[in-house]
Amino acid sequence: MSDDPILRIEHVTKRFRGLLAINDVSLVVPRGIIASLIGPNGAGKSTLFNLITGYAPVTAGAIFYGERPIAGLATHRIAALGIARAFQIARPFRDLSVADNLRIAGMFGKSGARDVDATARRALDLAGLAELAETPAGAMTVGQLRRLEIARAVATRPELLLADEPCAGLNPTETAELVGILREIRASGVTILLVEHDMAAVMEVSDLVFVLDAGSKIAEGTPAQVTSDPRVVAAYLGTPEPAPAASAGA
Ligand code: ADP
Ligand code: MG
């Protein structure tokens, strides 16, 4: 399986004029897992998602989806290859029902308009939205909308799902539900690459974690490995070196 990773990022760099947003990052995502990308604000997580999905061009380096180089392809070509992205801010058709939103998503995915009803139904069930099938999307709560956004991505029948902060703004119950949904999506054979600030959720759900800081990959490994890595701790706490015993009274 690791001989056949779903995604390989090789020496990718992204510059915005003077700013090095992604600095020579390489990483490999094996198939069938939940991998997470974490790091402080501004680390480059969203930028990396934009590069993978074709929303922004790489400055240097290569991205492979399976054997296929995808850096430089248009976003719709990348989506059609089987990479879906769930956005943090869902933009469903508010007047349409949940089920119709998923049918529409199903028409745009990897397998086109085949079996749209069955695909929509599967996505509904997976996201725990079956009871809301006929509810207009505009009447949903924030937590339900987040699930709809994930379901819309799933309805395109991706092999790789990129989810940008799916737990942001959710309460603990909703977060737990979303973690369960991510696991079910993984169990259905879809590989997930997650960006998420909720560390408890990340550590609970991830098989593999990549840590970015200021554009560079500073660590990767299991949740236990990265949380005990001094570089990761320093990146989050802003203490580049072991603190001297000087700070009196703190
Ligand atoms: P993260 O998602 O990890 O918080 P981002 O990928 O959004 O970080 O940003 C990484 C760095 O790139 C930041 O310094 C950010 O200001 C900068 N950046 C992101 N997008 C752009 C852009 N379109 N133009 C200029 N700078 C950008
Ligand atoms: Mg971001």
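1. A good place to start is the two-part layout: the centres of domain 1 and domain 2, taken over C-alpha atoms, are separated by 25 Å. Please keep in mind that you are looking at a predicted model. Domain 1 is assembled from three stretches, 1-82, 160-171 and 191-238, while domain 2 is the single stretch 90-158. Where the two meet, 11 residues of domain 1 are in contact with eight residues of domain 2.

2. Now for the chain as a whole. The protein chain holds nine helices and 10 strands. Its radius of gyration is 19 Å, close to the 18 Å that the globule rule gives for 250 residues, so the chain is as compact as a globular protein of that length. Along the principal axes, the C-alpha atoms fill a box of roughly 65 × 45 × 35 Å.

3. What about the inside and the surface? Of the 250 residues in the protein chain, 49% are buried. The chain exposes about 11900 Å², and 55% of that area comes from carbon and sulfur atoms. If you take the contacts between residues at least 6 apart in sequence, 67% of them join residues at least 24 apart. As for charge, there are 24 positive and 27 negative side chains, with the centres of the two sets 7 Å apart.

4. Helix H4, residues 116-126, deserves a look in your viewer. Which of its residues are buried? They are Val-116, Thr-119, Ala-120, Ala-123, Leu-124 and Leu-126. An α-helix has 3.6 residues a turn, so residues three or four places apart point the same way. That is handy to remember when you trace the buried positions of H4, which include Val-116, Thr-119 and Ala-123. The buried residues of H4 pack against three helices: H3 (98-107), H5 and H6 (172-187). Just after H4 comes Gly-128, with a positive phi of about 65 degrees.

5. Next door in this tour is Arg-152, which sits in helix H5, residues 142-155. Is Arg-152 buried or exposed? Its relative accessibility is 18%, and because the cut-off for buried is under 20%, Arg-152 counts as buried. Leaving aside residues up to four places away in sequence, Arg-152 touches Arg-91, Pro-92, Asn-101, Leu-102 and Ala-105. For orientation, H3 spans 98-107, and Asn-101, Leu-102 and Ala-105 are among the residues that Arg-152 touches.

6. Tyr-236 belongs to helix H9, residues 230-237. With a relative accessible area of 34%, Tyr-236 is partly exposed. Its contacts, not counting residues up to four places away in sequence, are Ile-38, Gly-39, Pro-40 and Met-199. To relate this spot to H4, note that Tyr-236 and Leu-124 are 112 residues apart in sequence and 37 Å apart in space, C-alpha to C-alpha.

7. Finally, two arginines are worth checking for their backbone angles. Arg-17 has phi near 45 degrees, a positive value in a residue other than glycine. You will find Arg-17 in the loop between strand E1 (7-16) and strand E2 (19-29), and its relative accessible area of 80% makes it exposed. Arg-157 also is not a glycine, yet it has a positive phi of about 55 degrees. Arg-157 is placed in the loop between H5 and strand E7 (160-164). At 25% relative accessibility, Arg-157 counts as partly exposed.

How values were computed:
Residues are numbered from 1 along each chain as its sequence is written. Chains are lettered from A and ligands numbered from 1 in the order in which they are written. This is a predicted model: local features need pLDDT of at least 70, side-chain atom pairs count only at pLDDT 80 or more; totals for chains, interfaces and linings use all residues. Side-chain values use heavy atoms; hydrogens and water are left out. Helices (H or I, at least four residues) and strands (E, at least two) are DSSP runs, numbered from the N terminus. The radius of gyration is taken over C-alpha atoms; the globule rule is 2.2 Å times the number of residues to the power 0.38. Buried means under 20% relative accessible area, exposed over 50%, partly exposed in between (1.4 Å probe, protein chains only). Contact means heavy atoms within 4.5 Å. Accessible areas come from the Shrake-Rupley method with a 1.4 Å probe; for residues, only the protein chains shown count as cover. Lys and Arg count as positive and Asp and Glu as negative; His and the chain ends are not counted. The place of a charge is taken as NZ of Lys, CZ of Arg, CG of Asp or CD of Glu. Domain bounds come from an automatic or database domain assignment.
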